Amino acid sequence: MIAAYENSKWEPVKWENDMHCAVKIQDKNQWRRGQIIRMVTDTLVEVLLYDVGVELVVNVDCLRKLQENLKTMGRLSLECSLVDIRPAGGSDKWTATACDCLSLYLTGAVATIILQVDSEENNTTWPLPVKIFCRDEKGERVDVSKYLIKKGLALRERRINKLDNSHSLSEKSLEVPLEQEDSVVTNCIKTNFDPDKKTADIISEQKVSEFQEKILEPRSTRGYKPPAIPNMKVFEATVSCVGDDGTIFVVPKLSEFELIKMTNEIQSNLKCLGLLEPYFWKKGEACAVRGSDTLWYRGKVMEVVGGAVRVQYLDHGFTEKIPQCHLYPILLYPDIPQFCIPCQLHNTTPVGNVWQPDAIEVLQQLLSKREVDIHIMKPRSDHDKKYEEEQWEIRFEELLSAETDTPLLPPYLSSSLPSPGELYAVQVKHVVSPNEVYICLDSIETCNQSNQHSDTDDSGVSGESESESLDEALQRVNEKVEALPPLTDFRTEMPCLAEYDDGLWYRAKIVAIKEFNPLSILVQFVDYGSTAKLTLNRLCQIPSHLMRYPARAIKVLLAGFKPPLRDLGETRIPYCPKWSMEALWAMIDCLQGKQLYAVSMAPAPEQIVTLYDDEQHPVHMPLVEMGLADKDE
């Protein structure tokens with residue numbers, strides 16, 4: 001594509017729907033095959049980049065006629081659809097939250113795709129019906145369809161006649177009519193700055209004050225009041241949802257009108273809350289939640305996972321993982337108790353004392369959005385809770401057993417480079433930035449061996465250069481890795497074995513603890529220089545005999561060039577913004593498929609070397625010629 005269109009000039013073309021074209025991606029300086037979806041304006045066109053499955057709007061200046069020889073190759077991407085699930089909420093369209101969740105979960109992930117096409121059916125079904133399996137946050141393989149159902153973003157597609165649930169409470173509460181939106185005054189409650197003067201003219205200070213006093217309590221440390229249980233042995237209710245732990249959430253029929261009234265008042269008065277300052281959410285904190293249906297609800301933080309938060313809709317029982325920008329640290333109607341009551345089946349214990357996914361699925365199909373009669377058999381009193389706390393016993397014996405003790409090991413031995421001025425063969429194992437890499441010593445005999453573990457090259461930049469003794473020892477350890485004890489000491493620089501993406505275990509060391517729920521550890525593979533964030537099930541204690549081998553990877557700074565004074569690249573390396581991503585990829589291109597040599601310029605501790613190719617040319621010169629780096633004399 002680059003060879004065909006790099007020097008091409010724009011020519012006027014009458015573009016029409018479904019026409020094939022070549023599209024230039026300006027910010028990446030790339031050319032992609034595409035197909036016209038529709039003409040937005042005379043100069044803007046919506047196209048589908050069918051080799052990557054991306055839709056975008058571009059200027060006609062970025063389009064060229066697609067050459068006939070480029071049409072012969074089929075599409076490089078496959079359009080797939082998950083089977084046996086449908087959007088939650090009664091709509092035929094997927095919500096933005098569901099799409100964002102799926103994109104966050106799958107983009108860039110290594111997944112197993114299983115076609116769901118019977119041999120008797122036409123195998124050209126499009127999009128392809130599939131099941132997708134990949135690893136979740138804990139490193140366990142899960143079914144993506146079941147994951148969406150578990151998060152409340154999808155429902156299982158039933159193969160029988162669907163029941164009409166249009167009159168259920170949950171769907172009504174999520175479909176507040178918007179016909180009166182034009183007649184409703186938009187109220188903006190903003191923090192740390194005065195409201196807009198035009199808004200102040202429309203909304204009297206008395207109305208805003210009454211609104212804030214009635215339903216808002218900003219950044220309160222207390223939560224919402226617990227649900228009020230009807231004072232009767234039997235009452236009618238609507239099942240809003242069934243939790244993963246078998247908890248059945250119900251809303252009494254007597255409270256439905258009050259819930260709908262409160263929901264409507266929140267939507268009518270709470271149109272926007274202004275920009276929120278950086279806020280650190282805590283587990284159990286009460287808040288206001290903007291749901292996937294764009295409506296506001298009362299909620300509680302259940303878990304903080306990276307940049308997302310798992311929240312529970314307190315008046316409906318649902319839980320959902322959403323971006324932090326959809327939460328606001330205020331209480332809505334703090335004096336009104338929660339409408340949703342959590343219940344458990346009396347004298348019913350799941351097999352194995354844990355509710356299995358198939359049992360939860362049966363409960364969801366039987367009860368979700370159904371009207372039921374609730375018989376209170378044994379309300380849980382404060383006395384019962386106090387008794388459980390008094391009877392709770394914590395045992396520490398297992399923590400003191402020898403099996404959970406990680407021996408304190410010394411740091412890895414360091415490899416050394418030859419004396420300054422001496423030319424020697426090296427391999428680049430990992431690239432941090434254009435002038436910071438990890439190398440290991442190489443020999444002419446092993447320079448052509450490839451190493452799949454290195455992330456700098458798939459065709460020969462990286463190879464095995466050290467003694468076979470370490471390789472043989474690691475191979476023997478991988479054969480019986482299940483017998484190794486788990487890692488229990490997570491101090492910085494702690495040696496360990498870590499599982500890489502290829503399923504094999506390599507020598508590593510602890511860099512830092514990144515997350516606590518679930519626990520995630522940042523490790524560095526000492527023989528390669530690359531890092532990875534891993535869960536506990538991918539770490540174990542390292543056998544002591546592997547400690548006698550020095551760490552292969554050596555961190556060095558490359559001499560002879562520096563970041564340019566004028567760099568027009570917009571995309572920067574996040575952890576090293578003085579360099580552009582274009583410079584990083586250009587350096588990786590310079591290192592691929594070449595025998596490399598180095599000359600040390602400065603001894604330890606700050607190793608500085610100059611890298612040369614097999615023709616004794618500095619490898620950084622192409623960056624200087626492209627304007628991505630300046631010479632450093």
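A salt bridge here is a side-chain nitrogen of Lys or Arg within 4 Å of a carboxyl oxygen of Asp or Glu. These legends describe a predicted model, in which local features need pLDDT of at least 70 and side-chain atom pairs count only at pLDDT 80 or more, while totals for chains, interfaces and linings use all residues. Residues are numbered from 1 along each chain as its sequence is written, and side-chain values use heavy atoms, with hydrogens and water left out.

**View 1. Asp315 and Arg298 join in a salt bridge.** Their N-to-O distance is 2.8 Å. Asp315 sits in the loop between β17 (308–313) and β18 (319–323), and Arg298 belongs to strand β16 (residues 296–305), so the pair ties together parts 17 residues apart in sequence. Helices (H or I, at least four residues) and strands (E, at least two) are DSSP runs, numbered from the N terminus. Both Asp315 and Arg298 are buried; buried means under 20% relative accessible area, exposed over 50%, and partly exposed in between (1.4 Å probe, protein chains only).

**View 2. Asp471 and Arg552 link distant parts of the chain.** Here the salt bridge spans 2.9 Å from N to O. Look for Asp471 in helix α10 (residues 468–479) and for Arg552 in the loop between β29 (539–540) and β30 (554–558), 81 residues apart. Asp471 counts as buried at 19% relative accessibility, and Arg552 is buried at 2%.

**View 3. Lys253, Glu256 and Glu371 form a network of salt bridges.** Within the network, the closest N and O atoms of Lys253 and Glu256 are 3.2 Å apart. Lys253 is partly exposed, with a relative accessible area of 25%, whereas Glu256 counts as buried at 14%. For the wider picture, the structure holds 16 salt bridges.

**View 4. Five strands close into a barrel.** Follow them in the order β23-β24-β30-β35-β34, with mixed pairing; two strands pair if DSSP finds at least two bridges between them. Neighbouring strands of this sheet are turned by 55 degrees against each other on average, direction ignored. Axes are lines fitted to C-alpha atoms, for helices over the stretch in contact, and angles run from 0 to 180 degrees between N-to-C directions.

**View 5. Strands β23 and β34 run antiparallel, and helix α11 packs on the sheet.** Four bridges join β23 (residues 423–433) to β34 (residues 596–602), and Leu423 stands opposite Val599 in β34. Helix α11 (residues 581–591) touches β23, β34 and β35 (608–612), where contact means heavy atoms within 4.5 Å. The direction of α11 makes about 150 degrees with that of β23.
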